[in-house]
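Work through the short exercises below with the structure open. Try each task before reading its solution.

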Amino acid sequence: MNDIQAVVFDMDGVIRIGQELINGANDVFKKLTKCGIQTMIVTNECRYTEEELREDLCDLGMELPNNISFYTAGMAVRDYLGDKFTRFPENNFQIGVIGESGLYQTISSLSSYDNCIISNEINKKSPRLFLVLGTVNRIKITHLDMILKWIKSGARVITTCPDSSDPSSKGDFNLGMPNHMLHMIGFNIKTNSYSTGKPHPIHRRKIMNNLKITDPSKILFVGDTMYTDIRLAEESGFKSCLVLSGNTKIEALATYTIDPDYVIEDINGLKDIILI
């Protein structure tokens, strides 16, 4: 695969697990940079801002290339809503947010749109309500009460990711994922939620625009989850590489229709795939 021009990485389960880097990750990034291959990190993590994630990886000893960019699930929902506000300038929108501080900070930039307010107190003058549901460190009763109140008021629910679990930045596999909360309130009310996390096509557009590569087959996506990472790659025309260091075990591959181009134990296997 010496025609690869860029490698896009998922983060948790690929570069790190909990508060530890995958052994050899630093070396792989250095070699990619030395070979002139662009890199990017695209993650369904939404609890932290891009700056916080960059700082966290550096604190773990990661030596990131100067030009590397991040795209988080929080940034994806922000961009999706921003596009909607631009398309429908005649409508007034209100956004409520359930999530950690990083998601609030990322979403807050949408307040620059004249037709949007961000507040968890429902404004009856806002005919189009959106409730953004992110991952939380712990599900609280107040979260569930807010979800019910907004849905009953007519809010459309956007989840930051479809994941059921994640090897999180704190090493906790039992985070409060958006779909966990929707399941918990499902006994009282039903909703048609919409996810902007991977594999939503907004991630493909961001990757292509950021890397300025017109041929998607020149991009290799490395991830640990079949229904987000590998599906995004297959539907986008990227090459795909599944690592077994995170969410997916080798036995599970037979249950999926989608197929990764490569399967490796961890990030170090890239040295053999793209000859770095």
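Three exercises follow, all on a predicted model.

**Exercise 1.** Find how helix α5 and helix α6 are packed, and which residues make the contact.

*Solution.*
- Step 1. Locate the helices: α5 covers residues 141-152 and α6 covers residues 178-185.
- Step 2. Take the geometry. The angle is about 70 degrees, and the axes lie 10 Å apart.
- Step 3. Classify the angle. Angles of 65 to 115 degrees count as roughly perpendicular, so α5 is roughly perpendicular to α6.
- Step 4. List the contact. Helix α5 brings His 143, Leu 144, Ile 147, Leu 148 and Ile 151. Helix α6 brings Met 181, Leu 182, Met 184 and Ile 185.
- Step 5. Sort these residues: eight are nonpolar, one is polar and none is charged.

**Exercise 2.** Describe the surroundings of strand β1, residues 6-9.

*Solution.*
- Step 1. Check the faces. Ala 6 and Val 8 are buried on one side. Val 7 and Phe 9 are buried on the other. Both faces of β1 are thus covered.
- Step 2. Look at β4 (residues 38-42). It pairs with β1 in the parallel sense, over four bridges. Thr 39 of β4 is the bridge partner of Val 7.
- Step 3. Look at β11 (residues 219-223). Four bridges join it to β1, and the two strands run parallel. Here Val 7 stands opposite Leu 220.

**Exercise 3.** Is Gln 94 buried or exposed, and what does its side chain lie 2.7 Å from?

*Solution.*
- Step 1. Place Gln 94 in strand β6, residues 93-98.
- Step 2. Read its relative accessible area: 0%. Buried means under 20%, so Gln 94 is buried.
- Step 3. Follow the side chain. A polar atom of the Gln 94 side chain lies 2.7 Å from the backbone nitrogen of Asn 123.

How values were computed: Residues are numbered from 1 along each chain as its sequence is written. This is a predicted model: local features need pLDDT of at least 70, side-chain atom pairs count only at pLDDT 80 or more; totals for chains, interfaces and linings use all residues. Side-chain values use heavy atoms; hydrogens and water are left out. Axes are lines fitted to C-alpha atoms, for helices over the stretch in contact, and angles run from 0 to 180 degrees between N-to-C directions. Angles under 35 degrees count as roughly parallel, over 145 as roughly antiparallel, 65 to 115 as roughly perpendicular and the rest as oblique. Contact means heavy atoms within 4.5 Å. Ala, Val, Leu, Ile, Met, Phe, Trp, Tyr, Cys and Pro count as nonpolar, Asp, Glu, Lys and Arg as charged, and the others, Gly among them, as polar. Buried means under 20% relative accessible area, exposed over 50%, partly exposed in between (1.4 Å probe, protein chains only). Two strands pair if DSSP finds at least two bridges between them. A polar contact is a pair of N or O atoms within 3.5 Å; within protein, one must be able to donate a hydrogen and the other to accept it, and residues adjacent in sequence count only if both atoms are side-chain atoms.
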